[in-house]
Every structure is written in structure tokens, then in C-alpha cells.
Amino acid sequence: MTKIENDPKLDFHQVLIKPKRSTINSRSKVDLNREIRFKYSTIKWKGVPIIAANMDTTGTFEVYNALKEYNMITALHKFYSLEDYRKMLEKGLDPNYYMVSTGIGQQSFEHLSSILSEIPCYWICIDIANGYISDLVDFCAKVRETWPDKIICAGNVVSGDMVQDLVLYGKVDVVKIGIGPGSACTTRLKTGVGMPQLSAILECAEYAHRFDAHIIGDGGITCPGDASKAFGAGADFIMMGGAFAGHEENPGEIQTQSDGTQMKVFYGMSSQMAMNNHYGKMEKYRASEGRELKIPFKGKMENTVLDYLGGIRSTCTYINAKTIKQMSKCTTFVIVSQQVNNVFGGI
């Protein structure tokens with residue numbers, strides 16, 4: 001029997017944040033650094049809870065070097081070798097501000113073990129597209145047993161029941177939320193599966209916080225206002241791919257178009273291009289669930305970082321939130337009518 005959930009599920013562009021009387025008279029009074037204690041890990045972390053996605057166009061050492069200056073995290077892509085980490089360690093690696101990423105197979109576990117045996121690291125990001133398979137929970141539990149003190153993140157999921165399983169049975173500290181919202185993701189088109197990201201964050205944050213765990217809102221953030229909406233909905237961290245792509249620090253050559261426009265390539269990790277680059281081919285049993293995009297060249301990473309941090313601080317002054325942690329308690333969303341949304345092409 002087909003079931004339909006009748007309550008509306010909302011995305012970022014379908015809501016606005018309602019302003020309220022505020023005693024914060026300057027953006028400079030807002031503190032975006034947050035100190036976090038975790039359910040299982042003994043590590044206490046402090047920083048700006050924004051993460052560059054572990055895609056090979058954004059989860060790089062060069063992006064890490066740029067973001068660590070702002071106390072932000074880079075989830076490094078899983079294709080870096082132990083030798084790559086060794087070379088970077090010689091130049092300096094702060095374990096507060098990078099994640100080691102992994103899949104869930106035995107080969108992935110062995111690769112993760114080789115890195116953690118030598119490289120100081122606080123964060124492990126266990127990342128697969130479909131977080132609903134039982135192997136993910138089992139793998140997370142294995143990683144927790146092996147490295148009990150690490151901060152373990154895992155996903156992706158979009159519903160409270162799976163958040164509960166990952167936290168209680170997988171022993172995960174932070175659950176990654178989002179299926180299909182990313183600009184380079186085509187999962188919703190290829191599979192029909194997903195959940196509007198704002199509603200996914202609202203539901204999953206409620207479950208995670210019930211069990212003293214945390215969530216990452218992963219994907220769908222196209223502007224600083226979306227980042228504020230994600231934090232306002234209850235995300236403890238946000239992860240961005242496309243927003244952090246297209247800069248000097250990102251890999252790839254700048255391509256000059258016939259009209260003089262400068263572009264850089266950005267692609268999803270389930271795309272044909274990613275499969276060819278890292279595995280030599282796209283297996284016939286798979287469908288490409290990622291796009292290959294050319295995006296405008298954005299200059300230095302700091303331009304984007306300052307734009308996002310400034311926008312979030314401004315949101316805080318509108319809702320009387322002195323810290324990033326207070327944003328969810330101070331946020332009231334209003335739904336933008338579909339008719340208005342259509343006329344103006346979204347917010």
C-alpha cells in the first residue's frame with residue numbers, strides 16, 4: 001500500500017526568517033565560534049561550525065589551508081593516500097580543522113587504519129550516498145570500537161528514525177543530513193528519493209538533540225541566507241560543496257569561455273567524471289547520480305568565506321542571537337506563498 005505524508009516538506013527557498021526586536025546593535029557583537037562536546041568522543045571542539053564537503057574539488061589540502069584561518073573544517077576527500085597525509089603533516093596539520101573521510105568496505109577500513117596510525121586526527125567522516133543500508137550502522141560501530149575517542153560523523157540520511165539508529169547503535173556523534181539537495185547531485189532525478197532539506201534538518205535535529213548528538217546540514221546551501229536558515233532549523237554544523245568550489249584554491253584550470261567569462265569545473269562524487277577519475281569507469285549496474293558543472297571563477301576563497309560569515313552575523317542581529325548556538329532558539333520561519341515564489345523565481 002502506497003503511503004503519503006500529507007504535511008508539507010519545505011526547502012530553504014520556501015521560507016524566510018521573521019525578524020524580531022534585537023539588542024544586538026552591531027554584527028561585530030556576534031560570536032560565530034561554538035564550543036561543542038560530543039555524545040561519545042572525549043574531544044571538546046571549538047570553531048566556526050562550517051565544513052567544506054569531502055568532494056575532490058573542495059575537500060583538499062589547499063582548501064583546508066584557506067579555511068583553517070577562519071576556524072572552519074575541511075572534510076578531506078577519501079582518495080588522499082597515507083603518503084599525501086605524510087607530506088602535508090610536514091607542512092602542518094591542525095587536527096581540529098580537518099576530517100579524514102572513508103567509505104564502508106574492508107578496503108576503506110584498512111585505508112583509514114593506515115592513516116590514523118600515523119596522522120593526528122580528531123574527526124572521522126564515514127560517508128556514503130545511501131545512509132539507509134545496514135552496513136553503515138555496523139561499520140560505524142566498528143569504527144567506534146576501534147577509535148573510541150574520535151569524533152565520528154556519518155551519513156547521509158534525512159529522517160529521524162535513521163538518526164536514532166546511527167546514534168544509538170552506530171555510536172555516531174554527528175549525523176550528516178541530506179539526500180539530493182546538492183547542486184552537483186542528481187539523486188532525486190535518477191531515483192525519486194530525497195527530502196526537502198529544511199524539513200530534513202528540522203526533523204533530524206529534533207531526534208539527534210533528543211539523544212545528545214549533533215547533525216550536519218549537508219547540501220542545498222546556495223547563499224548566506226540558506227546557511228542561516230540551516231542553522232536556524234537546528235543544524236549544529238553545515239557542509240557546503242558548490243559554495244566552496246570555483247576558487248583559486250580549488251583544483252583544476254581556469255577555463256576562459258568565448259565571451260571572456262572565466263569558469264572552473266565542479267562535479268559530484270557520484271558523477272561519471274568522478275567514477276572515471278577514481279575507479280577508471282562507471283560500473284554498468286550504476287547510474288550517474290552527479291552533475292558535471294562549469295561554475296564562474298570566484299577568486300580567492302576568503303571572498304566567499306567573509307561573505308557567508310558576514311551574512312550569518314547579519315541574520316543574528318535580526319533575530320537577537322548573540323551566538324551561532326542561539327540561532328535555532330531565536331528563529332521563526334514564515335512560509336512564502338507558492339504564488340509569490342513563482343512570480344519572483346524563489347527567494
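Start at Y80. This residue is buried, with a relative accessible area of 11%. Buried means under 20%, exposed means over 50%, and partly exposed lies in between (1.4 Å probe, protein chains only).

This is a predicted model: local features need pLDDT of at least 70, side-chain atom pairs count only at pLDDT 80 or more, and totals for chains, interfaces and linings use all residues. Residues are numbered from 1 along each chain as its sequence is written, and side-chain values use heavy atoms, with hydrogens and water left out.

**The whole chain**

Switch to a cartoon view. The protein chain has twelve helices and 15 strands. These are DSSP runs, numbered from the N terminus: helices are H or I with at least four residues, strands E with at least two. Of the 347 residues, 51% are buried.

**Aromatic rings**

The structure holds eleven aromatic pairs. Rings of Phe, Tyr and Trp (its six-membered ring) pair if their centres lie within 6.5 Å; planes under 30 degrees apart are stacked, over 60 edge-to-face, the rest tilted.

Select F61 together with Y80. Their rings are stacked, 4.1 Å centre to centre, with 25° between the planes. F61 is in helix α1 (residues 61-67), while Y80 is in the loop between β5 (73-76) and α2 (82-91). The two residues are 19 apart, so this pair links distant parts of the chain. F61 is buried too, at a relative accessible area of 8%.

Now add Y64 and Y98. This pair is edge-to-face: 6.1 Å centre to centre, 90° between the planes. Y64 belongs to helix α1 and Y98 to strand β6 (residues 98-102), 34 residues apart. Both Y64 and Y98 are buried.

Colour the whole group. Ring pairs link F61, Y64, Y80, Y85 and Y98 into a cluster.

**Salt bridges**

The structure contains ten salt bridges. Each is a side-chain nitrogen of Lys or Arg within 4 Å of a carboxyl oxygen of Asp or Glu.

Select R34 and D236. Their closest N and O atoms are 3.3 Å apart. R34 lies in strand β2 (residues 34-37) and D236 in the loop between α8 and β11 (237-240), so the bridge ties together parts that are 202 residues apart in sequence. R34 and D236 are both buried.

Next, go to D127 and K176. Here the closest N and O atoms of the salt bridge are 2.7 Å apart. D127 sits in strand β7 (residues 123-127) and K176 in strand β9 (residues 174-177), 49 residues apart. K176 is buried at 1%, whereas D127 is partly exposed at 22%.

Then pick R210 and E206. Their side chains meet in a salt bridge (3.2 Å, N to O). Both are in helix α7 (residues 197-210), and they are separated by about one helical turn because they are four residues apart. R210 is partly exposed, with a relative accessible area of 46%.

Finish this stop at E5, D7 and K9, which are joined into one network by salt bridges that share partners.

**Helix α8**

Select residues 224-233. Nine of the ten residues of α8 are buried; among them are P224, F231 and A233. After α8 comes G234, whose phi is positive, near 120°.

**Cysteines**

How many disulfides does the structure hold? It holds zero. A disulfide here is a pair of cysteine sulfur atoms within 2.5 Å.

Show C125 and C153. The sulfur of C153 is the closest cysteine sulfur to that of C125, but at 5.8 Å it is too far for a bond. Add C140: its nearest cysteine sulfur, that of C125, is 9.9 Å away. C125 is buried at 0%, and C140 is also buried at 0%.
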